[in-house]
Amino acid sequence: MSEILSIRDMTVRYHDGVEALRGVCLSLWPHQRVGLIGPNGAGKTSLLLAIMRGVPFEGDIEIDGVALTRRTAERARSRCGMVFQEADDQLFMPTLLADVAFGPLNQGLGSDEAESHARAAIAAVGLAGLDDRSGHHLSGGQKRNAALATVLAMRASLLLLDEPGANLDFRSRGRLMELLAGRDEAMLIATHDLDMVRQLCTRVVLLDNGQVAADGSTDEILGDTALLSRHDLA
């Protein structure tokens with residue numbers, strides 16, 4: 001079985017000179033759910049954005065067998081989808097249905113098939129019946145679910161989730177957990193919610209100061225209170 005994600009010696013350096021990541025190596029396998037944890041400023045979001053080629057990077061990234069370059073970016077990105085921390089960053093079309101169908105259409109699906117994928121994804125996240133609602137008129141929790149639907153509709157092999165449970169009430173968080181637990185895609189979940197990681201993920205990668213500080217089973221990493229304390233996570 002081939003890796004769904006391979007990162008080798010990746011560095012992200014922003015235009016102001018800030019080095020968000022350096023020398024990062026990471027691999028994910030199909031269907032694997034990995035928790036990406038670390039203190040604020042550790043580089044978690046930068047890592048996810050680099051995989052989407054949303055920030056410049058040095059090193060090598062391969063997604064589902066496609067090396068990520070300027071020339072292959074669209075093909076590589078079609079194999080993964082990212083849910084951003086701010087749901088409003090993903091909702092820009094006049095209606096929820098149009099927002100969720102946007103990804104499948106850009107993958108080359110016909111309008112009927114794209115709409116079918118979109119409606120299924122909208123129903124999966126509990127927003128059936130709101131297809132014609134503007135994303136900007138949804139509640140905060142509904143927006144996060146809508147952002148997730150935009151990714152699920154693409155039928156990607158890899159989901160990149162940046163704080164997916166942020167600002168959700170208890171019931172909405174429970175529905176999200178149940179939904180993610182039932183999905184088959186590989187997932188890289190960047191979060192401060194260690195309970196979510198404990199319930200969903202079999203593996204944890206701990207980032208700090210732009211480097212991988214630990215990589216192991218969920219029980220091993222989250223059970224090491226001294227390790228978590230050293231990285232301001234306990």
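Mentor: Quick ground rule for this predicted model: buried means under 20% relative accessible area, exposed means over 50%, and partly exposed is what falls in between.

Trainee: Okay, so why is Phe 92 called partly exposed?

Mentor: Its relative accessible area is 49%. Partly exposed covers values between 20% and 50%, so Phe 92 gets that label.

Trainee: And what makes Phe 102 partly exposed?

Mentor: Phe 102 has 36% relative accessibility, so it counts as partly exposed too.

Trainee: How do you know that Phe 92 and Phe 102 form an aromatic pair, and why is it called edge-to-face?

Mentor: Ring centres have to lie within 6.5 Å, and planes over 60 degrees apart count as edge-to-face. Phe 92 and Phe 102 come in at 5.1 Å centre to centre with 85° between the planes, so by those cut-offs they are an edge-to-face pair. The structure holds one aromatic pair. Phe 92 sits in the loop between strand 6 and helix 3, while Phe 102 is in helix 3.

Trainee: Over to Met 187: why does it count as buried?

Mentor: Its relative accessibility is 0%, and the cut-off is under 20%, so Met 187 is buried. Met 187 lies in strand 8 and touches, among others, Leu 28, Val 34 and Leu 180.

Trainee: What makes strand 6 and strand 10 the edges of the sheet?

Mentor: The order is 6-7-8-3-9-10, in an open sheet with mixed pairing. Strand 6 and strand 10 each have a single partner strand, so one side of each lacks a neighbour in the sheet.

Trainee: How do you know that strand 9 and strand 10 pair?

Mentor: Pairing takes at least two bridges. Six bridges join strand 9 to strand 10, so they qualify as paired, and they run antiparallel.

Conventions:
Residues numbered from 1 in each chain as written. Predicted model: local features only at pLDDT ≥ 70, side-chain atom pairs only at ≥ 80, totals over all residues. Heavy atoms only, no water. Helix = DSSP H or I, 4+ residues; strand = E, 2+ residues; numbered from the N terminus. Buried < 20%, exposed > 50% of the residue type's maximum accessible area, 1.4 Å probe, protein only. Contact = heavy atoms within 4.5 Å. Phe/Tyr/Trp six-rings, centres within 6.5 Å; stacked < 30°, edge-to-face > 60°. Lists of a residue's contacts leave out its neighbours within four places in sequence.
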